[in-house]
Amino acid sequence: MSALCLSLLFACQPVVFSRGLQDERSDFWWSKGYPGHPNDIDYGQHPAASGARQSSSASASWSYSIKDAVGPPNWSIVAPACAGLYQSPINIVTKETLFIRKKVPLELEGLRNLPSAMTVENEGTSVKFEPHWSGRTRPTLRGGPLRNKYIFEQLHFHWGPENTLGSEHSLDGQKFPLEVHLVFYNGLYGSFDEAKREMHGLAVVAFFYEVVPNSEDYSLNRWTNFLPPVRKSGSALELSFSKSFSLNSVIGAMGWPYYSYEGSLTTPPCLETVTWIVASKRLAITEREMNLLRALDGATGGPLLQNYRPTQPVNNRRVFRY
């Protein structure tokens, strides 16, 4: 090929510009430079599959800091899907939601089932509880906005530096100190990794927490007993059957109202494959338990004080109320 042909070829290559996300510089804590959560719902290779547990932050190519070149406004440079129109989390405006009158009840089968073991991991940017199951004891979610049966994978938490910040979603502009995500994958697929990139491949059930007043000296939630042993970033604790707990001990009984919409993972790669179910029911947590979360070491060595993404535009999506 001649030099002239080559020059014409390169001259005609398209130029791609990345669109930034919503800039929320008014949020003081985003300017603090805390590290980002490299995998909100563990879309990467499971540590056990690689033969050794590695720090989640080791391969992180983005952060939560607004001031970083790869902070939330520029996540689309790392993962183009983060600039999509169906991103999560969102602010749910209750008066704009559409009420579903004829609905199939949302059912969580196996709510009280105990796993055979459980791994608790400080990922450096969140704490994750991943149960291990034997036989057909794994909980499943169906009904409501879901067209298929979804299989439980893991749960993890998002929190903030004070009790007015922390949740990823907000309700009529109100933030909560803590939000838990129960992650499920579509039973049409053989695994979480297979389902995560497929349309309607994932379902995440979210609950907000409220802090019990004057509760510096006691605990309410069993799962918080396992936070001190994983205080160090990258550390993990294996719980035996006798120490494991059911989903019922985390969220209680079913039957609560909720909101639902189509959205995404809340960290890169921001895949828009998630059906979100955000419960109206509030869970309780004590000041002591919030302090245990905030005492966890982050990936940079300091305390992990916040790990939530700013809310994203709803755009033309509809949010349903069940």
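Begin with the lining of the largest cavity in this predicted model: select Asn113, Pro115, Met118, Pro131, Trp133, Pro139, Phe152, Leu155, Phe245, Ser246, Leu247 and Val250, which together line that space. About 60 Å³ lies inside the largest cavity, and the count of cavities of 30 Å³ or more comes to one. For orientation, rolling a probe the size of a water molecule over the atoms shows where empty space is left.

Next, turn to the second largest pocket, which holds about 330 Å³ of space. Of the 16 residues that line this pocket, select Arg147, His200, Tyr261, Glu262 and Phe320, since these lie nearest its centre. Strand 12 gives the largest share of the lining, with three residues.

From the pocket, follow strand 12 (258–263) into its pairing with strand 13, where six bridges join the two strands in an antiparallel arrangement. Centre the view on Ser260, and Ile277 of strand 13 will be found opposite. Then bring in strand 10 (residues 202–212), which runs parallel to strand 13 and is joined to it by 10 bridges. Here Tyr209 is a useful residue to select, its bridge partner in strand 13 being Leu283. When following the side chains, keep in mind that in a regular strand they alternate between the two faces of the sheet.

Now select helix 6 (residues 287–294), of whose eight residues six are buried, so that the helix is largely enclosed by the rest of the structure. The buried residues are Glu287, Glu289, Met290, Leu292, Leu293 and Arg294. To see what surrounds them, display strand 5 (127–132), strand 7, strand 9 (178–186), strand 10 and strand 13, against which these buried residues pack.

Which cysteines should be selected for the disulfide? Cys82 and Cys270 form it, with their sulfur atoms 2.1 Å apart, and the structure holds one such bond. The torsion about the S-S bond of Cys82 and Cys270 is about 80°, so this disulfide is right-handed. Cys82 lies in the loop between helix 3 (75–78) and strand 1 (91–92), while Cys270 lies in the loop between strand 12 and strand 13 (274–286), so the pair ties together parts that are 188 residues apart in sequence. With a relative accessible area of 0%, Cys82 is buried, and Cys270, also at 0%, is buried as well.

Move on to Ser167, in the loop between strand 7 (150–159) and strand 8 (170–171). Is Ser167 buried or exposed? Its relative accessible area is 0%, so Ser167 counts as buried. Display the side chain of Ser167 together with the backbone of His169, whose oxygen lies 2.8 Å from a polar atom of that side chain. Leaving out residues up to four places away in sequence, Ser167 touches Lys175, Phe176, Pro177, Leu178, Glu179, Phe208 and Tyr308.

Finish at Ser61, which lies in the loop between helix 2 (47–50) and helix 3. The relative accessibility of Ser61 is 40%, and because this value falls between the cut-offs of 20% and 50%, the residue counts as partly exposed. Aside from neighbours within four places in sequence, Ser61 is in contact with Val70 and Val78. A line drawn from Ser61 to Val78, C-alpha to C-alpha, spans 7.1 Å, although the two residues are 17 apart in sequence.

Key
Residues numbered from 1 in each chain as written. Predicted model: local features only at pLDDT ≥ 70, side-chain atom pairs only at ≥ 80, totals over all residues. Heavy atoms only, no water. Helix = DSSP H or I, 4+ residues; strand = E, 2+ residues; numbered from the N terminus. Buried < 20%, exposed > 50% of the residue type's maximum accessible area, 1.4 Å probe, protein only. Polar contact = N/O pair within 3.5 Å; in protein donor to acceptor, adjacent residues only side chain to side chain. Contact = heavy atoms within 4.5 Å. Disulfide = S-S within 2.5 Å. Pairing = 2+ DSSP bridges. 1 Å grid on protein atoms, 1.4 Å probe; cavity = no way out; pocket = protein on both sides within 12 Å on 5 of 7 lines; lining within 4 Å. Points joined across faces, edges and corners; volume = space filled by probe spheres on them.
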